[in-house]
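Thanks for coming. I have one structure to go through today, and I will keep to the geometry. Please have the viewer open.

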Amino acid sequence: MNYHWNWHIFLDPNPMGTGTYLDMLLAGLWLTIKTSLLAWIIALISGSIVGVMRTLPSKPANWFGFAYVEFFRNMPLLVQLFLWFFVLPELLPRSAGLWLKQLPNAPFWTAAIGVGLFMSARVAVQLQAGIGSLPRGQRQAATALGLTTLQTYRYVLLPMAYRIVLPPLTSEFLSTIKNTAVAITIGLLELTGEARSMQEFSFQVFEAFTAATVLYLVINIIVVTLMRLIERRVAIPGYISGK
Amino acid sequence: MFGNFDFDVISRSLPYLFREGMTFTLTLTALSASGGLIFGTLIALMRLSGYRLLGFVAGAYVDFMRSLPLVLVIFWFYFLVPYIGQWLTGASRPISVGAFASSLITFIMFEAAYFSEIMRAGIQSISKGQPAAAQALGLNYRQTMRYVVLPQAFRNMLPVLLTQTIVLFQDTSLVYVLSIPDFLGAASKVAQRDGRLVEMYLFAALVYFAISCIASFCVRRLQTRIAIVR
């Protein structure tokens with residue numbers, strides 16, 4: 001191979017004048033973390049609402065949940081981001097569209113909301129499966145005790161369902177982090193984006209991508225370790241995962 | 001809101017979108033799914049082989065691939081494949097690999113990790129009596145896998161494999177980052193040339209949506225039809 005390795009490149013100043021190339025990558029890492037956390041909050045909240053709607057004893061709620069999940073699941077994330085970023089401002093009334101376009105950090109907000117909604121469909125499916133896996137007697141017992149539907153979900157079904165679906169939710173969170181890399185296409189300079197621009201400026205392709213790869217692996221290991229700890233704390237006694 | 005919607009730009013570019021773009025997308029999807037399935041099955045067999053080292057290597061590969069974003073993997077292979085080609089062929093300089101070959105290798109290597117997890121679950125779902133009976137009949141490991149275990153694992157996992165293929169179909173749109181004219185890339189080229197982002201992106205979204213919806217509906221039908229009565 002006649003590729004010229006140069007690991008010292010990370011300490012060279014970057015052409016943006018914001019410190020070294022390493023600082024550039026770390027800024028990207030920080031943006032990846034920020035975007036994925038915001039996206040995950042959006043995904044959890046809207047995914048939970050939709051997931052619950054799909055299990056409610058109400059036809060319109062079921063139907064809405066079904067349509068929501070199909071809508072967000074059957075389009076590539078990249079296309080969804082384009083819809084939010086390029087198409088939505090044009091379809092809104094003129095003033096609202098203009099406001100959206102001039103928003104500072106537009107790629108960040110678009111990425112967080114776009115990835116969040118994309119993932120929310122997956123969260124909804126997981127939560128629905130979790131609620132569905134509970135024995136029928138739980139809901140019936142709650143009804144027999146005179147709990148309203150809201151109380152049944154709040155005190156009986158959801159506390160169990162969330163703890164059951166925690167392991168799959170962990171992998172959905174990891175997907176959220178990975179999916180923020182798609183936002184490179186709308187100009188978000190997150191970790192992959194910064195590695196890409198470092199490669200374009202310095203021509204040190206493999207060093208840049210190796211650094212990004214290592215950082216992604218580290219994020220993964222941290223998240224998995226943390227979630228295993230939480231999973232062990234909240235495991236339901238009597239289930240395989242419990243004590 | 002659709003007052004100045006230009007349907008003409010869509011109908012004008014239909015031949016280009018489908019003959020070039022969609023053909024690229026579908027070919028890439030089909031070939032990557034087949035390649036991913038073959039390599040995925042091999043990786044799954046390695047993990048379940050009982051040889052520590054083989055299992056470790058296969059497991060590490062799967063975990064590694066699954067913790068990276070696809071976009072980063074696409075970039076990796078785009079730059080790495082020419083060097084691997086040089087190393088394999090002994091050429092004096094990195095060989096140039098076409099856009100299609102580069103993305104095909106990327107998707108096969110990436111999807112192999114995901115398919116291997118599905119196949120592993122499929123193989124593990126088969127009762128122990130099956131390979132035991134095969135061994136009692138005098139079949140060797142290869143025959144046991146080929147004639148007894150894998151056909152059943154494949155059949156049990158067919159709906160999941162097909163669902164993963166739909167995900168793969170959507171993920172191929174990410175070759176956009178290499179400016180390759182797949183379906184979305186073609187739509188985006190027309191969109192930027194004619195300044196018709198709204199029409200083209202909405203149309204692309206609609207096409208992806210329709211294909212994925214129909215495909216997942218078919219998978220659901222298939223699932224109920226091929227379910228084995230136990």
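I will take the two chains first, then the contact between them, then two helix pairs in chain B.

Before anything else, this is a predicted model. Keep that in mind for each number I read out.

Start with chain A. Chain A has 243 residues, and 39% of them are buried. Its secondary structure consists of 10 helices, with zero strands. Going from the N terminus, the order of elements is α-α-α-α-α-α-α-α-α-α. If you put a box around the C-alpha atoms along the principal axes, the box comes to roughly 70 × 55 × 30 Å. On contacts, take those in chain A with a separation of 6 or more: 72% of them join residues 24 or more positions apart.

Now chain B. Chain B has 230 residues, of which 38% are buried. Here there are eight helices and, again, zero strands, so to read chain B along the sequence is to read α-α-α-α-α-α-α-α. The C-alpha trace of chain B spans about 70 × 55 × 25 Å along its principal axes. For contacts in chain B with a separation of 6 or more, residues 24 or more positions apart account for 72%.

Next, the contact between the chains. How many residues does each chain bring to it? Chain A brings 28 residues and chain B brings 30 residues. On the side of chain B that touches chain A, three helices supply at least two residues each: helix 3, residues 70–89, helix 6, residues 141–171, and helix 8, residues 197–226. Which helix of chain B gives the most to that side? Helix 8 of chain B does, with 11 residues. By class, the side of chain B that touches chain A holds 23 nonpolar residues, six polar and one charged.

Now to packing inside chain B. As a reminder, two packed helices are described by the angle between their axes and the distance between the axes.

The first pair is helix 7, residues 183–194, with helix 8, both of chain B. Their axes come within 8 Å and cross at roughly 165 degrees. Helix 7 of chain B is therefore roughly antiparallel to helix 8 of chain B, since angles over 145 degrees count that way. The crossing of helix 7 of chain B past helix 8 of chain B is right-handed. On the helix 7 side of chain B, the contact is made by Phe183(B), Leu184(B), Ala187(B), Ser188(B), Val190(B) and Ala191(B). Helix 8 of chain B answers with Leu197(B), Met200(B), Tyr201(B), Phe203(B) and Ala204(B). Sorted by class, this contact between helix 7 and helix 8 of chain B has 10 nonpolar residues, one polar and no charged.

The second pair is helix 4, residues 99–124, with helix 6, again of chain B. The axes come within 9 Å and cross at roughly 140 degrees. Helix 4 and helix 6 of chain B are therefore oblique to each other. Helix 4 of chain B passes helix 6 of chain B with a right-handed crossing. Residues of helix 4 of chain B in this contact include Phe107(B), Glu111(B), Tyr114(B) and Phe115(B). Among those they meet in helix 6 of chain B are Val149(B), Ala153(B), Asn156(B) and Gln164(B). The class count for the contact of helix 4 with helix 6 of chain B is 14 nonpolar, three polar and one charged.

That is the last item. I can go back to any view.

Definitions and conventions. Residues are numbered from 1 along each chain as its sequence is written. Chains are lettered from A and ligands numbered from 1 in the order in which they are written. This is a predicted model: local features need pLDDT of at least 70, side-chain atom pairs count only at pLDDT 80 or more; totals for chains, interfaces and linings use all residues. Two residues are in contact if their C-beta atoms, placed from the backbone, lie within 7 Å. Helices (H or I, at least four residues) and strands (E, at least two) are DSSP runs, numbered from the N terminus. Ala, Val, Leu, Ile, Met, Phe, Trp, Tyr, Cys and Pro count as nonpolar, Asp, Glu, Lys and Arg as charged, and the others, Gly among them, as polar. Axes are lines fitted to C-alpha atoms, for helices over the stretch in contact, and angles run from 0 to 180 degrees between N-to-C directions. Angles under 35 degrees count as roughly parallel, over 145 as roughly antiparallel, 65 to 115 as roughly perpendicular and the rest as oblique. A crossing is left-handed if the near helix is turned anticlockwise from the far one by less than a right angle, and right-handed if clockwise. A residue is buried if 20 or more other C-beta atoms lie within 10 Å of its own, exposed if 12 or fewer, and partly exposed in between; C-beta atoms are placed from the backbone.
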